[in-house]
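Let's take a walk through a protein fold, one piece at a time. Keep the picture open while you read, and try to find each element as it comes up.

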Amino acid sequence: MKAAVVAGAKNIEVQDIKKPVSDGKNVIIKTQTVGICGGDIHVWELGDTPTYKGTIMGHEHAGVVVDPGARTDLKAGDRVTTIPVSVGCGVCPACLEHRFDECPNRISGMGLSAAGLPGSYAEYFEADPSLVRKIPDGMTNEEAAMIEPCATPYSVVQDLGIKRGDKVLVFGGGIIGSFSAQWSKYFGADYVAMVEVNEFRGKKNLDDGNIDELFDGKDPELLKKLLKATGGKGFDYVLECTGHGEPLNMAMMASRMYARIAIIGVSVKPVPFNNIVALFKRARLQAYLGYTNAQFDEVMNLIAAKKFDVSRHYSGDCSLENLNTVFEELHSPTSHKVKMMIQFPRD
Ligand SMILES: [Zn+2]
Ligand SMILES: [Zn+2]
């Protein structure tokens with residue numbers, strides 16, 4: 001079968017590899033639609049390192065069952081998606097105390113590194129039966145592929161307890177920042193502001209109604225304007241979705257005392273941290289990664305019930321063959337694309 005393999009730095013190659021076969025347990029899925037994740041861009045950039053060279057990426061997907069393996073409730077042809085990054089079952093004692101990495105039921109993620117399970121940038125992929133979910137009737141492949149990136153911001157906003165009356169600031173208008181803002185609104189936040197340097201992305205969030213106000217990240221008066229927007233008090237919650245150091249420090253300066261600051265953006269390199277601001281603000285920083293299986297299911301149900309719209313973030317399609325070009329564009333700081341999907345031929 002054809003698969004897109006990370007062959008070097010910024011280099012994905014379509015290779016012919018062996019098709020997965022079920023061991024009687026795993027479900028074999030024929031790929032139809034796969035979302036390109038911001039995390040995939042990091043893997044692609046670092047494609048010459050031992051961690052990533054040889055990775056078959058892809059963890060936001062929709063496809064059809066070829067072999068249901070141990071899942072007696074599934075049959076060939078059923079449309080499915082999978083929970084790709086199981087950081088915890090959500091119900092064991094470790095998970096209930098938010099120590100997801102100590103979960104005994106944890107299954108390693110797919111498509112994230114060369115050593116992990118292969119992902120869905122391939123004609124077929126396999127998944128642990130416990131992580132396969134039937135796509136609800138009426139849900140498109142594109143919506144199903146969007147559950148995964150939507151579930152992380154959902155878990156963050158839920159864990160922070162954002163509610164009516166709160167003032168929320170989001171740094172970054174990519175897919176995670178956009179969903180973070182949208183969930184904050186969903187849970188009733190009074191005022192959601194966003195800081196973006198990419199004018200198109202920022203404006204799209206404003207036009208889509210994810211935010212109340214947009215601030216230009218390059219504005220030298222940014223801090224003054226952010227504080228003014230909260231009547232000088234500072235924000236109750238700040239969600240840092242860029243992975244850069246300056247926004248994290250700006251997040252602490254623009255927040256109120258004892259504000260909760262969520263670190264969601266990814267950086268593979270260390271970032272500068274303004275210690276003294278953190279001290280004076282008694283900043284309560286919390287980093288987030290992933291979600292529980294139950295949260296994935298909750299997001300799926302909200303999208304299926306048309307209570308939460310993900311379609312606005314879908315920017316277009318591509319194929320396995322032109323990924324390097326698409327990744328170059330997504331990597332560009334001025335890109336107009338938010339979520340691109342790889343479409344596979346149907347038969
Ligand atoms: Zn992702
Ligand atoms: Zn668990």
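## Helices that cross

In this predicted model, helix 3 (residues 141-160) meets helix 9 (residues 293-304): their axes come within 9 Å and cross at roughly 120°. Because angles over 145 degrees count as roughly antiparallel and 65 to 115 as roughly perpendicular, with the rest between those ranges oblique, helix 3 and helix 9 are oblique to each other. Their crossing is right-handed.

Who does the touching? On helix 3, the contact residues are Glu143, Ile147, Cys150, Ala151, Tyr154 and Ser155, and on helix 9 they are Gln295, Phe296, Val299, Met300 and Ile303. Sorted by class, that makes 8 nonpolar, 2 polar and 1 charged residues.

Helix 3 also has another partner. It packs against helix 4 (residues 175-186) at an angle of about 45°, and the two axes are 8 Å apart. Helix 3 and helix 4 are therefore oblique to each other as well, and helix 3 passes helix 4 in a right-handed crossing. From helix 3, the contact uses Pro149, Cys150, Thr152, Pro153, Tyr154, Val156 and Val157, while helix 4 brings Ile175, Ile176, Phe179, Ser180, Trp183 and Ser184. By class, this contact of helix 3 with helix 4 has 10 nonpolar, 3 polar and no charged residues. Look for Cys150 and Tyr154 on helix 3: both turn up in the contact with helix 9 and in the contact with helix 4.

## The open sheet

Now for some strands. Six of them, or to be exact 6 strands, form an open sheet in the order 10-9-8-11-12-13, with parallel pairing. Which strands sit at the edges? They are strand 10 (213-216) and strand 13 (284-287), each pairing on one side only. From one strand to the next, the twist averages 20°.

Zoom in on valine 170, and you'll find its bridge partner in strand 9: methionine 194. There's a helix to spot here too. Helix 6 (residues 222-229) lies across strand 8, strand 9 and strand 10, and it runs at about 160° to strand 10.

## Strand pairs side by side

Here are three strand pairs to compare, including some from outside that sheet.

| Strand pair | Direction | Bridges |
|---|---|---|
| Strand 8 (residues 167-171) and strand 9 (residues 191-196) | parallel | 5 bridges |
| Strand 4 (residues 61-67) and strand 5 (residues 79-82) | antiparallel | 2 bridges |
| Strand 5 and strand 7 (residues 132-134) | antiparallel | 3 bridges |

Strand 5 is worth following, with strand 4 as one partner and strand 7 as another. Towards strand 4, arginine 79 of strand 5 is the bridge partner of valine 64. Towards strand 7, threonine 82 stands opposite valine 132.

## Two domains

Time to zoom out. How is the protein divided? There's domain 1 (2-146 + 310-343) and domain 2 (150-287). Their C-alpha centres lie 28 Å apart. Where the domains touch, 13 residues come from domain 1 and 12 residues from domain 2.

Which element gives the largest share on the side of domain 1 that touches domain 2? That's helix 1 (residues 38-45), with 3 residues. That side of domain 1 divides into 5 nonpolar, 6 polar and 2 charged residues.

Key
Residues numbered from 1 in each chain as written. Chains lettered and ligands numbered in written order. Predicted model: local features only at pLDDT ≥ 70, side-chain atom pairs only at ≥ 80, totals over all residues. Axes fitted to C-alpha atoms, helices over the stretch in contact; angles between N-to-C directions. Helix = DSSP H or I, 4+ residues; strand = E, 2+ residues; numbered from the N terminus. Parallel < 35°, antiparallel > 145°, perpendicular 65-115°, else oblique. Left-handed = near helix turned anticlockwise from the far one by under 90°. Contact = placed C-beta atoms within 7 Å. Nonpolar A, V, L, I, M, F, W, Y, C, P; charged D, E, K, R; others polar. Pairing = 2+ DSSP bridges. Domains from an automatic or database assignment.
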